[in-house]
Amino acid sequence: MGAQIIDGKALALEVRQKAAADVAAMVAAGKNKPGLATVLVGENPASKVYVSSKQKACAEAGMDSFGFHLPADASQEEVEKLVKELNADPRVNGILVQLPLPDHLDEERVLGSIDLEKDVDGFHPINIGRLAQKGRDPLFVPCTPAGCIEMLDRLNVKLEGTNAVVLGRSNIVGMPVALLLVRRNATVTICHSRTKDLPGVVRQADVLIAAVGRANMVRGDWVKPGAVVIDVGINRIEDPTHPKGSRLVGDVMFDEVKEVAGAITPVPGGVGPMTIAMLMQNTVRAAKIQNP
Ligand code: NDP
């Protein structure tokens, strides 16, 4: 029997509709609309697409967005000065610095300069640190990892006591999603480029989160029958049969794994839409924290 195909767009729409309803209620109560500032440095085409879809999502949720675009050679001081101005701007409830930043910039210093209460991407070192500590809670959780868990919750997937395997240990996805799974009482194995016998480890997973950035890496015979598979990867591969000559695929060989898994997210249409939805949710939360 084939897997349930998890409809990330539909689940994300539910989250976005809730955010829009919260915004409408805030405005009806005489409060300001929540506002998100996006900071883009340089000309990375993928980053430009991500920023513009985040701005569009703000408009659809009834929120303000303020776009700032600095040149690729912007200095550390210029980027931090902009962040400080946004920290002080009462119209701005959330600040999103689009990653990756150009190599000459110190990413940690930029992220650390964002006001904790405006850190809607959840990458401030203090928010990440709190995520890793028992009994402490971050103000915001990074959007892609939060989106993975939100999906699992909305599908009523029980996490407590399950074996969860996370492929990837990046600051943006792998590590925070692993921390979230531990907080939900899953037993978590984190894999990376030096892991031995990856297929053997993956086969133990009741819940598998793949975030490696390697097209179609996870094969059907790596997956335990009935496992829930969340594919975070977004990889462009050549495909002469496609009008654009290329198409997007995940880290999981979808056609093989869907025959084995209990449920699986597609790429596109899985985790991607959830990431933006969680950003909207975090921005509403930021506005509520700042204007209770
Ligand atoms: P990174 O490149 O920062 O991290 C990749 C991780 O995968 C690293 O920990 C690396 O190990 C590990 N890895 C790489 N190759 C292998 C391998 N052959 N076997 C085992 N582990 C491996 O990527 P990100 O975490 O930023 O992104 C991962 C994927 O998710 C990308 O495709 C990205 O486009 C996508 N993404 C999707 C988002 C969404 O909204 N859907 C949002 C963000 C990312 P090591 O640490 O040892 O180098």
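Me: How many salt bridges does the structure hold?
Reply: This is a predicted model. A salt bridge here needs a side-chain nitrogen of Lys or Arg within 4 Å of a carboxyl oxygen of Asp or Glu. The structure's total is 18.

Me: In the salt bridge of Arg154 and Glu14, how many residues apart are the partners?
Reply: The two side chains meet at 2.7 Å, N to O. Arg154 belongs to helix H6 (residues 143-154), and Glu14 belongs to helix H1 (residues 8-28). The pair therefore counts as a salt bridge under the 4 Å cut-off. It links distant parts of the chain, and the separation in residues is 140.

Me: Which pocket does the ligand sit in?
Reply: The ligand has 20 residues around it. Arg169, Ser170, Ser193, Ile234 and Thr275 are the closest. The pocket that holds the ligand is the largest.

Me: Which helix gives the largest share of the shell around the ligand?
Reply: The shell divides into eight nonpolar, ten polar and two charged residues. Three residues of the shell come from one helix, spanning residues 271-290. That helix is H10.

Me: What is the distance from an oxygen atom of the ligand to an N or O atom in the side chain of Ser193?
Reply: Ser193 is among the closest residues to the ligand. Its side chain supplies the N or O atom of this pair. A polar contact needs N or O atoms within 3.5 Å, so this pair qualifies. The distance is 2.5 Å.

Me: How much of the ligand's accessible area does the protein cover?
Reply: Backbone atoms also face the ligand. A polar backbone atom of Val232 is 3.5 Å from a ligand nitrogen. A backbone N or O atom of Ile234 lies 3.0 Å from a ligand oxygen. Of the 930 Å² that the ligand has on its own, the protein covers 71%.

Me: Which residue does a cis peptide bond join to Pro100?
Reply: Pro100 lies in the loop between strand E4 (94-97) and helix H4 (107-112). Omega of the cis bond is about 0°. The partner is Leu99.

Me: Where is Pro268 found?
Reply: A cis peptide bond joins Val267 and Pro268, with omega about 0°. Strand E11 (263-264) stands on one side of the loop that holds Pro268. The loop runs between E11 and H10.

Me: What is phi of Asn156 near?
Reply: Asn156 is in the loop between H6 and strand E5 (163-167). Its phi is positive, in a residue other than glycine. The value is near 60°.

Terms used. Residues numbered from 1 in each chain as written. Predicted model: local features only at pLDDT ≥ 70, side-chain atom pairs only at ≥ 80, totals over all residues. Heavy atoms only, no water. Near = heavy atom within 4 Å. Polar contact = N/O pair within 3.5 Å; in protein donor to acceptor, adjacent residues only side chain to side chain. Areas by Shrake-Rupley, 256 points an atom, 1.4 Å probe, with all protein chains shown as cover. 1 Å grid on protein atoms, 1.4 Å probe; cavity = no way out; pocket = protein on both sides within 12 Å on 5 of 7 lines; lining within 4 Å. Sits in = over half its atoms within 2 Å of the grid points. Helix = DSSP H or I, 4+ residues; strand = E, 2+ residues; numbered from the N terminus. Nonpolar A, V, L, I, M, F, W, Y, C, P; charged D, E, K, R; others polar.
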